[in-house]
Amino acid sequence: MTAMDGENEAPAKDMPVLEDSKDGENGGGDKAAVVRKSSGTSSPGTPEDKPVRPKNFKPLTADEEKLIRCSETGKIDEIRVLLKNKKLKVDCLDDSGTTPLEHACYKGNLELVELLLAAGANVNNNMQTQGYTPLMFAALAGKLDVVKTLLQHGARTSATNNIGKNAAQLSGFTNLHPVKLTYFIRSNPIMLEEAPKILRTMESIIEKEVKSREMNEIMAMKIHYYSEVLRHVRKMTTDGKSFDDIVKLFVRGRDSKGFPMYLEDFLRRSIRSFPYHQTPLHSTMVHAIAKANLGGASGSMGILEQSINGQHMPDRDAAPCDTCCDPAAKKKCSSCKMVSYCNEECQKMHWPVHKKECADLAVQFAHMEARKAEEAAVEAVREEEERKAEEARKALEAEATVAAEVAAEVDEGRLDNGAVVSVEDVGIGVRGEGQADDDGEESESAMLDATDETALLAGR
Ligand SMILES: [Zn+2]
Ligand SMILES: [Zn+2]
């Protein structure tokens with residue numbers, strides 16, 4: 001039986017406040033991370049990945065730097081003030097060639113997008129180093145209202161990025177989590193009002209995709225899955241459930257081990273009910289589901305994402321929202337710093353689940369930090385030792401050179417006056433790190449043996 005604890009609402013007072021993810025932490029949703037990932041380059045989030053500013057980019061003024069920062073964080077009032085500066089370039093480029101408008105698009109910040117467009121921002125910026133345009137960022141973020149606004153302002157749909165994808169294809173990097181889709185339906189009430197019509201249209205698209213000569217089973221499966229979510233939300237709301245109730249079931253419907261059974265059941269039913277059983281994709285997915293380890297981290301959600309988004313699946317390292325899987329989750333639980341959320345709404349939905357593990361995760365986080373500090377200390381010691389060894393080696397080399405020079409001179413002297421100069425007479429010891437101790441004893445390897453020394457003296 002599934003243990004539901006979603007019914008008894010958690011008192012919000014014990015819920016920790018959210019804090020911003022710091023740069024460099026795996027603070028999800030960073031646009032650059034998504035772009036890097038989608039272009040198949042190195043993993044996101046590490047400081048080495050910070051783009052180097054191309055030489056042809058003009059240096060930023062202090063105000064332009066501020067404009068870029070504020071467009072990332074959505075500080076619209078500060079931006080209004082900045083825009084009063086007539087010398088400010090509204091299309092200033094950050095190190096990756098991304099404009100303030102593009103940052104706003106990726107954040108789905110419609111108000112800011114409109115403000116920047118009104119200030120003359122270029123709707124078709126093509127300076128982004130990986131070929132992304134404002135429309136592509138809006139599509140990546142899945143922000144329909146922003147996409148519409150950009151199109152009304154003349155955004156070109158045909159532009160492609162450096163991996164040859166246009167905005168429509170990028171919108172295929174979709175967050176498929178039913179919580180995210182439920183939120184989407186909530187903000188587009190027409191989906192429910194027109195549900196019968198939309199569902200019929202979806203069915204005919206699915207049929208067309210499966211039966212056409214160039215069968216697109218991925219698209220068919222994706223639309224089928226969307227239609228299942230829409231049917232589910234429609235049924236629940238018809239039964240008098242609120243959107244919050246629907247989301248809570250997905251997030252909190254857990255078995256005794258904390259596995260999200262409700263979500264898993266829903267996904268399995270949705271995948272199995274795909275009407276075209278003969279398609280290879282469907283059989284592969286059903287087979288994978290049958291074998292999936294219920295205790296595993298991903299379960300059917302992972303199978304669905306992989307089947308539909310393929311290798312373009314958002315990077316797990318990007319710390320997506322723990323409630324809705326949105327890659328743009330920029331907030332962290334301030335108590336444990338181990339879970340990410342889009343906002344307080346997502347945090348609140350997850351709190352009844354998270355509160356059971358927050359303290360343990362905080363301990364884990366402290367351990368991780370301590371281990372990181374320890375590793376850094378060990379690394380510092382190792383570097384210092386290497387540095388010292390290198391210094392000693394150089395000193396030894398220098399001494400050997402001097403010895404060789406002296407030997408050469410002595411050699412000349414011998415040739416001149418015919419006297420034989422012994423090692424002891426020259427009195428040059430070439431010593432390693434273990435110099436003779438104060439009591440006069442020499443440790444092993446302290447002094448090169450006479451043969452070596454003679455060789456050195458001979459100038460070799
Ligand atoms: Zn979220
Ligand atoms: Zn926490």
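UniProt positions are given here in the numbering used for this structure, and its annotations may be inferred rather than shown by experiment. With that in mind, welcome to the tour; the model you have open is predicted.

**Stop 1: residues 371-402.** Select this span to begin. An unreviewed UniProt entry annotates it as a "coiled-coil region". What share of the span is helix? Residues 371-402 are 100% helix and 0% strand, and the C-alpha atoms at the two ends lie 46 Å apart.

**Stop 2: residues 321-358.** Now move to the stretch that the unreviewed UniProt entry labels "domain: MYND-type". Residues 321-358 are 32% helix and 13% strand. Pick the end C-alpha atoms of this span, and you will find them 15 Å apart.

**Stop 3: Thr-98.** Next, look in the loop between α3 (76-82) and α4 (100-107), where Thr-98 sits. Is Thr-98 buried or exposed? Thr-98 counts as buried because 28 other C-beta atoms lie within 10 Å, and the cut-off for buried is 20 or more. Add Gln-128 to your selection: it is 30 residues away along the chain, yet the two C-alpha atoms are separated by 5.1 Å. Beyond its neighbours within four places in sequence, Thr-98 is in contact with Leu-93, His-103 and Gln-128.

**Stop 4: the largest nonpolar core.** This core has 72 residues. Which of its members touch the most others? Select Cys-105, Leu-116 and Ala-138 to see them. Stay with Ala-138 for a moment: setting aside neighbours within four places in sequence, Ala-138 is in contact with Cys-105, Lys-143, Val-146, Val-147 and Leu-150.

Note on methods
Residues numbered from 1 in each chain as written. Chains lettered and ligands numbered in written order. Predicted model: local features only at pLDDT ≥ 70, side-chain atom pairs only at ≥ 80, totals over all residues. Core = buried A, V, L, I, M, F, W, Y, C linked by C-beta atoms within 7 Å. Buried ≥ 20, exposed ≤ 12 C-beta atoms within 10 Å, placed from the backbone. Contact = placed C-beta atoms within 7 Å. Helix = DSSP H or I, 4+ residues; strand = E, 2+ residues; numbered from the N terminus.
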